[in-house]
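Let's take a walk through this structure together, one piece at a time. Have the sequence and the 3D view open as you read.

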Amino acid sequence: MFATTPLHIVAVSAGLSQPSSTRLLADRLAAATRERLAAEQDRNVEVRVIELRDLAVDIANHLVSGFPSATLREAIDAVTEADGLIAVTPVFTASYSGLFKSFFDLIDNTALTGKPVVIAATGGTARHSLVLEHALRPLFAYLRAVTVPTSVYAASEDWGSSGDEYTEGLPSRIRRAGGELASAVLGRTVSGASRAPGLDDGEDAVVPFEQQLADLRLD
């Protein structure tokens with residue numbers, strides 16, 4: 001029998017195009033998280049994706065007026081009240097997009113305290129993958145959220161790639177990040193584990209932070 005209160009997973013997508021690879025990555029991370037949560041506990045899991053492109057005018061008006069529209073207020077409330085958050089941005093000028101930053105500028109810096117978050121980004125080349133560590137992770141540290149160890153970057157060539165003997169493919173990284181978020185939502189620790197590189201097994205085990213940085217370095 002399902003518990004009466006569902007778990008809420010909210011994904012924020014800052015993609016501007018339609019269709020958007022940023023939205024696609026947000027959808028796949030949300031699906032991976034929901035699948036793991038559904039397998040490990042008996043509560044309903046509700047997923048919502050917030051498209052920031054639809055809120056761009058409201059965000060700009062709020063920044064200059066200090067008053068959010070009803071639609072924007074509802075989106076902010078959904079983010080702050082979620083059990084788990086997925087934040088995905090395209091890379092613009094070697095960082096997160098202005099729209100992405102403007103939205104999170106509107107959230108009180110204590111409203112996400114302790115909230116588990118998966119950070120993710122999309123870009124045209126793998127050379128921008130460190131944006132996750134030098135831009136997104138510090139942003140959510142400032143907001144006092146708890147980012148899971150695995151972050152996901154998807155370059156154009158990652159879509160449809162299964163990886164090789166040295167690197168994981170995008171689907172495996174998505175499953176791992178989704179599993180970590182599910183574990184964090186359920187109050188389980190996801191730090192301090194180890195994982196053999198190159199195995200597409202979708203387990204919860206994670207790579208230590210220092211190893212993640214090493215893996216992201218480019219030749």
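How are H2 and H4 oriented to each other: parallel, antiparallel, perpendicular or oblique? Before settling that, please keep in mind that this is a predicted model. Two packed helices are described by the angle between their axes and the distance between the axes. Here, helix H2 spans residues 56-65 and helix H4 spans residues 98-105, and their axes come within 10 Å and cross at roughly 55°. An angle from 65 to 115 degrees would count as roughly perpendicular and one under 35 degrees as roughly parallel, and H2 and H4 are therefore oblique to each other. The crossing in which H2 passes H4 is left-handed. If you look at the side of H2 that takes part, you will find Ala56, Ile59 and Leu63, which meet Leu99, Ser102 and Phe103 of H4. Sorted by class, this contact of H2 with H4 has five nonpolar residues, one polar residue and no charged residues.

Now step back to the whole chain. The protein chain has seven helices and seven strands, and along the sequence they follow the pattern β-α-β-α-α-β-β-α-β-α-β-β-α-α. Of the 219 residues in the protein chain, 48% are buried. Among contacts with a separation of 6 or more, 78% join residues 24 or more positions apart.

Next, a second helix pair makes a good companion to the one we began with. H1 (21-40) packs with helix H6 (residues 170-185) at an angle of about 50°, with the axes 8 Å apart. H1 and H6 are therefore oblique to each other, and H1 passes H6 in a right-handed crossing. On the H1 side, the contact is made by Leu25, Arg28, Leu29, Ala32, Thr33, Arg36 and Leu37. H6 brings Leu170, Ile174, Arg175, Ala177, Gly178, Gly179, Leu181, Ala182 and Val185 to this contact. By class, the contact of H1 with H6 has 10 nonpolar, three polar and three charged residues.

Let's return to H4 and look at a residue that reaches it from another helix. Isoleucine 76 sits in helix H3, which covers residues 70-81. With a relative accessible area of 1%, isoleucine 76 is buried. Setting aside residues up to four places away in sequence, isoleucine 76 touches Phe103, Leu106 and Ile107. You have already met Phe103 as one of the H4 residues in contact with H2. The C-alpha atoms of isoleucine 76 and phenylalanine 103 are separated by 8.5 Å, although the two residues are 27 residues apart along the chain.

Just ahead of H4 comes serine 97, in the loop between strand S4 (95-96) and H4. Is serine 97 buried or exposed? Buried means under 20% relative accessible area, so at 1% relative accessibility serine 97 counts as buried. A polar atom of the serine 97 side chain lies 3.1 Å from the backbone nitrogen of phenylalanine 100. Beyond its neighbours within four places in sequence, serine 97 is in contact with Ala14, Thr89, Pro90 and Phe92.

On the other side of S4, the loop between strand S3 (84-92) and S4 holds threonine 93, and alanine 94 lies in the loop between S3 and S4 as well. Threonine 93 has a positive phi of about 50° although it is not a glycine, and alanine 94 has a positive phi near 65°, again in a residue other than glycine. Threonine 93 is exposed, with a relative accessible area of 80%, while alanine 94 is partly exposed at 38%.

Our last stop is the loop between strand S1 (7-13) and H1, where you will find serine 17. Serine 17 is partly exposed, with a relative accessible area of 43%. Proline 19 lies in the loop between S1 and H1 too, and the peptide bond from glutamine 18 to proline 19 is cis, with omega near 5°. The backbone oxygen of proline 19 is 3.1 Å from a polar atom of the serine 17 side chain. Finally, look across to arginine 53: its C-alpha atom and that of serine 17 are separated by 8.5 Å, with the two residues 36 residues apart along the chain.

Terms used: Residues numbered from 1 in each chain as written. Predicted model: local features only at pLDDT ≥ 70, side-chain atom pairs only at ≥ 80, totals over all residues. Heavy atoms only, no water. Axes fitted to C-alpha atoms, helices over the stretch in contact; angles between N-to-C directions. Helix = DSSP H or I, 4+ residues; strand = E, 2+ residues; numbered from the N terminus. Parallel < 35°, antiparallel > 145°, perpendicular 65-115°, else oblique. Left-handed = near helix turned anticlockwise from the far one by under 90°. Contact = heavy atoms within 4.5 Å. Nonpolar A, V, L, I, M, F, W, Y, C, P; charged D, E, K, R; others polar. Buried < 20%, exposed > 50% of the residue type's maximum accessible area, 1.4 Å probe, protein only. Polar contact = N/O pair within 3.5 Å; in protein donor to acceptor, adjacent residues only side chain to side chain.
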